[in-house]
Amino acid sequence: MIRAVVVDVDDTLCLTEAACFELENEVLSRIGRAPMPRAVHLATWGQPLLEAMRQRSPGVDLDQFAAAYAGVLRRYVAAGRLDVIPAENLHALDRLVAAGRTVMLLTSRTESEMAHLLAPDHVLAERVSAVFHAGNTRYRKPDPRAFDELLARTGLAPHECVYVGDSPGDAEAAGKAGLSFVGCLQSGVRRREDFEPRHVDLFIEAFPEVVDAVARLAARRP
């Protein structure tokens, strides 16, 4: 059976690309840098932030950017402008848990970028059993060893897990590690044709459809 549903954060559990584009440009402005074009942000979306910033703002002082970013991030989160998880997505997580699935998160974000989502009073705390991020793992997507590490630490087998993400890199990495993959297209950043078909088991147009998608995948199993 499918025992675990592993979920990506950005543009899967919550829509973040547009908000991050605004946030990062505000940080660039604060440190005296020119804003990046949206096309550059979209082209590098899904990469670890500081790695992506080398392309988004060539020559940027990454230490200076990171220091300014921390304060702007806190303000965006406090204002409800970033990482707002819709009620219907939380309900979908509840339905997965009620169906006997373990829910976990796997993201390439750093620990500081995840700190507010990891707070013990956050709405995810009672719904998510484990969170794998760049602060507590050795490997990050699109390296499939990120999934190998998750499997080793949880004792789960690949066929017992489904990964839900929004990028072709997510799909390829999960597939190489032996996990089923559900592609979430809700953000509109990627389209079906951006994915290699052999890496995707099912697509969903909005995150709440994940419950039925996982049930359909489970029904395919012998």
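## A walk through the fold

Asp-83 is buried, with a relative accessible area of 7%. That's our way into this model, which is a predicted one. You'll find Asp-83 in the loop between α4 and α5, the latter covering residues 87-98. Its backbone is worth a look too: phi of Asp-83 is near 65°, a positive value in a residue other than glycine.

Asp-11 makes a good companion to look at next. It has a positive phi of about 60°, although it is not a glycine. Asp-11 sits in the loop between β1 (4-7) and α1, and with a relative accessible area of 2% it is buried.

From Asp-11 you can hop over to Asp-166, since the two are in contact. Asp-166 is placed in the loop between β4 and α8 (168-176). How buried or exposed is Asp-166? Its relative accessibility is 4%, so it counts as buried, the cut-off being under 20%. Setting aside neighbours within four places in sequence, Asp-166 also touches Asp-8, Asp-10 and Thr-12, along with Trp-45, Phe-181, Cys-184, Arg-190 and Phe-195.

Now for the helices on either side of the loop that holds Asp-83. Start with α4 (residues 62-78), which packs with α1 (residues 17-30): their axes come within 9 Å and cross at roughly 130°. Why call them oblique? An angle of roughly 130° falls outside the ranges for roughly parallel, perpendicular and antiparallel, so α1 and α4 count as oblique to each other. As for handedness, α1 passes α4 in a right-handed crossing.

Who meets whom along that contact? On the α1 side you have Ala-19, Glu-22, Leu-23, Glu-24, Glu-26, Val-27, Leu-28 and Arg-30. Facing them from α4 are Phe-65, Ala-68, Tyr-69, Val-72, Leu-73, Arg-75 and Tyr-76. Sorted by class, the contact of α1 with α4 has 10 nonpolar residues, five charged ones and no polar ones.

Then there's α5, which packs with helix α9 (residues 210-220) at an angle of about 30°, with the axes 9 Å apart. Angles under 35 degrees count as roughly parallel, and therefore α5 is roughly parallel to α9. Here Ala-92, Arg-95 and Leu-96 from α5 meet Val-210, Val-211, Asp-212 and Val-214 from α9. The classes in the contact of α5 with α9 come out as five nonpolar, two charged and no polar residues.

Back at α1, Glu-24 leads us to another residue, His-41, which is in contact with it. His-41 is found in helix α2 (residues 38-43). With a relative accessibility of 0%, His-41 counts as buried. Besides Glu-24, and leaving aside neighbours within four places in sequence, His-41 touches Glu-17, Cys-20, Phe-21, Met-36 and Arg-56. How far is His-41 from Met-1? They are 40 residues apart along the chain, and their C-alpha atoms are separated by 39 Å.

Next up are the aromatic rings. The model has five aromatic pairs. One of them joins Phe-147 and Tyr-163 edge-to-face, at 4.8 Å centre to centre with 80° between the planes. Phe-147 belongs to helix α7 (residues 145-154) and Tyr-163 to strand β4 (residues 161-165), so this pair ties together parts that are 16 residues apart in sequence. Phe-147 counts as buried, at 0% relative accessibility, and Tyr-163 counts as buried at 0% as well.

Tyr-163 has another ring partner, Phe-181, and this pair is tilted: 6.3 Å centre to centre and 40° between the planes. It, too, links distant parts of the chain, with Tyr-163 in strand β4 and Phe-181 in strand β5 (residues 180-184), 18 residues apart. Phe-181 is buried, as is Tyr-163. Which residues do the ring pairs bring together in a cluster? They are Phe-147, Tyr-163, Phe-181, Phe-195 and Phe-203. Two of those names may ring a bell: Phe-181 and Phe-195 are among the contacts of Asp-166.

One last stop on the backbone: Lys-141 and Pro-142 are joined by a cis peptide bond, with omega about 10°. Pro-142 is placed in the loop between β3 (130-132) and α7, and α7 is the helix where Phe-147 lies.

Definitions and conventions: Residues are numbered from 1 along each chain as its sequence is written. This is a predicted model: local features need pLDDT of at least 70, side-chain atom pairs count only at pLDDT 80 or more; totals for chains, interfaces and linings use all residues. Side-chain values use heavy atoms; hydrogens and water are left out. Axes are lines fitted to C-alpha atoms, for helices over the stretch in contact, and angles run from 0 to 180 degrees between N-to-C directions. Helices (H or I, at least four residues) and strands (E, at least two) are DSSP runs, numbered from the N terminus. Angles under 35 degrees count as roughly parallel, over 145 as roughly antiparallel, 65 to 115 as roughly perpendicular and the rest as oblique. A crossing is left-handed if the near helix is turned anticlockwise from the far one by less than a right angle, and right-handed if clockwise. Contact means heavy atoms within 4.5 Å. Ala, Val, Leu, Ile, Met, Phe, Trp, Tyr, Cys and Pro count as nonpolar, Asp, Glu, Lys and Arg as charged, and the others, Gly among them, as polar. Rings of Phe, Tyr and Trp (its six-membered ring) pair if their centres lie within 6.5 Å; planes under 30 degrees apart count as stacked, over 60 as edge-to-face and the rest as tilted. Buried means under 20% relative accessible area, exposed over 50%, partly exposed in between (1.4 Å probe, protein chains only).
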